[in-house]
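Here is a quick tour of a protein model for someone who likes to check geometry by eye. Have a look at the structure first, and then we can walk through it piece by piece.

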Amino acid sequence: MKNGNWIEKFDSLILGILMGVLLPILTAFVIYFAQYRNINIQLYLTYPRLFAPLLQLGAISNLACFFLMNIWDLKRTQQGIIAGTLVIGAFILLAMFLKL
């Protein structure tokens, strides 16, 4: 720890990757339950192409998380969030263009 700050314990690449992958998925489920309750969730989970637009909205939540980590000066966590966003982006591209 540089300054003895407790928040610096969270400066980890692995934590950033986990946040970058799990936060959009969690946000997508929140959007689903808020907007699309009348559509069966198994349909979304069976066809990733239907779930991809929700993940696109969920990936925006990484932006807020990224800037929060910037305020706290957690550079490794920011790098992990970017890596996690790239993983989510690759899944969205695969789902949309390969028609999974």
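Let's start at a slightly odd spot: Lys99, just after helix α4, takes a positive phi of about 55 degrees. Keep in mind that this is a predicted model, and every value here is computed from it.

**The overall picture**

The protein chain has four helices and zero strands, so to speak an α-α-α-α run from the N terminus on. Its C-alpha trace spans about 50 × 30 × 15 Å along the principal axes. The chain has 100 residues, and 28% of them count as buried. Its accessible surface comes to about 6700 Å², with 70% of that belonging to carbon and sulfur atoms. As for contacts between residues at least 6 apart in sequence, 68% join residues at least 24 apart.

**Helix α4 and what covers it**

Helix α4 takes in residues 75–97, which makes 23 residues. How far apart should its ends be, at 1.5 Å a residue? The expected span is 33 Å, and the end C-alpha atoms are indeed 33 Å apart, so the two agree. The buried residues of α4 are Thr77, Gln78, Gly80, Ile81, Gly84, Ile88, Ile92 and Ala95. Their cover includes α1 (13–35) and α3 (48–71).

**Two nonpolar cores**

In soluble globular proteins, nonpolar side chains tend to be buried together. In this model the largest nonpolar core has 10 residues: Ala28, Tyr32, Tyr44, Phe51, Ala52, Leu54, Leu55, Ile88, Ile92 and Ala95. Helices α1, α3 and α4 each supply at least two residues of this core, and the largest share, four residues, comes from α3. Take Leu55 as one member to click on: leaving aside neighbours within four places in sequence, Leu55 is in contact with Pro24, Ile25, Ala28, Phe91 and Ile92. There is also a second, separate core of five residues, including Ile7, Cys65, Leu74 and Ile81.

A polar residue is tucked away as well. Asn62 sits in helix α3 and has a relative accessible area of 3%, under the 20% cut-off, so Asn62 counts as buried. Which residues does Asn62 touch, leaving aside its neighbours within four places in sequence? The contacts are Met19, Gly20, Leu23, Pro24, Ile81 and Thr85.

**Aromatic rings**

The model has five aromatic pairs. Two of them are set out here.

| Pair | Centre to centre | Angle between planes | Class |
|---|---|---|---|
| Phe29 and Phe51 | 5.5 Å | 45 degrees | tilted |
| Phe66 and Phe67 | 5.7 Å | 75 degrees | edge-to-face |

The Phe29 and Phe51 pair links distant parts of the chain, with Phe29 in helix α1 and Phe51 in helix α3, 22 residues apart. Why is that pair called tilted? Planes under 30 degrees apart would be stacked and over 60 edge-to-face, so 45 degrees falls into the remaining class. Phe29 is partly exposed at 24% relative accessibility, whereas Phe51 is buried at 9%. In the other pair, Phe66 is partly exposed at 23%, and Phe67 is partly exposed too, with a relative accessible area of 45%. Besides these, Tyr32, Phe33, Tyr36 and Tyr44 form one aromatic cluster.

**Charged groups around the start of α4**

Side chains of opposite charge can pair when their charged atoms come close. How many salt bridges does the model have? The count comes to one. That salt bridge joins Lys75 and Asp73, whose closest N and O atoms are 3.6 Å apart, and the cut-off is 4 Å, so the pair qualifies. Lys75 is partly exposed at 41% relative accessibility, and Asp73 is partly exposed at 39%.

Lys75 turns up again among the contacts of Asp11, a residue in the segment before α1. Is Asp11 buried or exposed? With a relative accessible area of 19%, Asp11 is under the 20% cut-off and therefore counts as buried. Leaving aside neighbours within four places in sequence, Asp11 is in contact with Leu74, Lys75, Arg76 and Thr77. The C-alpha atoms of Asp11 and Gly80 are separated by 9.7 Å, although the two residues are 69 apart along the chain.

Note on methods:
Residues numbered from 1 in each chain as written. Predicted model: local features only at pLDDT ≥ 70, side-chain atom pairs only at ≥ 80, totals over all residues. Heavy atoms only, no water. Salt bridge = Lys/Arg side-chain N within 4 Å of Asp/Glu carboxyl O. Buried < 20%, exposed > 50% of the residue type's maximum accessible area, 1.4 Å probe, protein only. Expected span 1.5 Å × (residues − 1). Contact = heavy atoms within 4.5 Å. Core = buried A, V, L, I, M, F, W, Y, C linked by side-chain atoms within 4.5 Å. Areas by Shrake-Rupley, 256 points an atom, 1.4 Å probe, with all protein chains shown as cover. Phe/Tyr/Trp six-rings, centres within 6.5 Å; stacked < 30°, edge-to-face > 60°.
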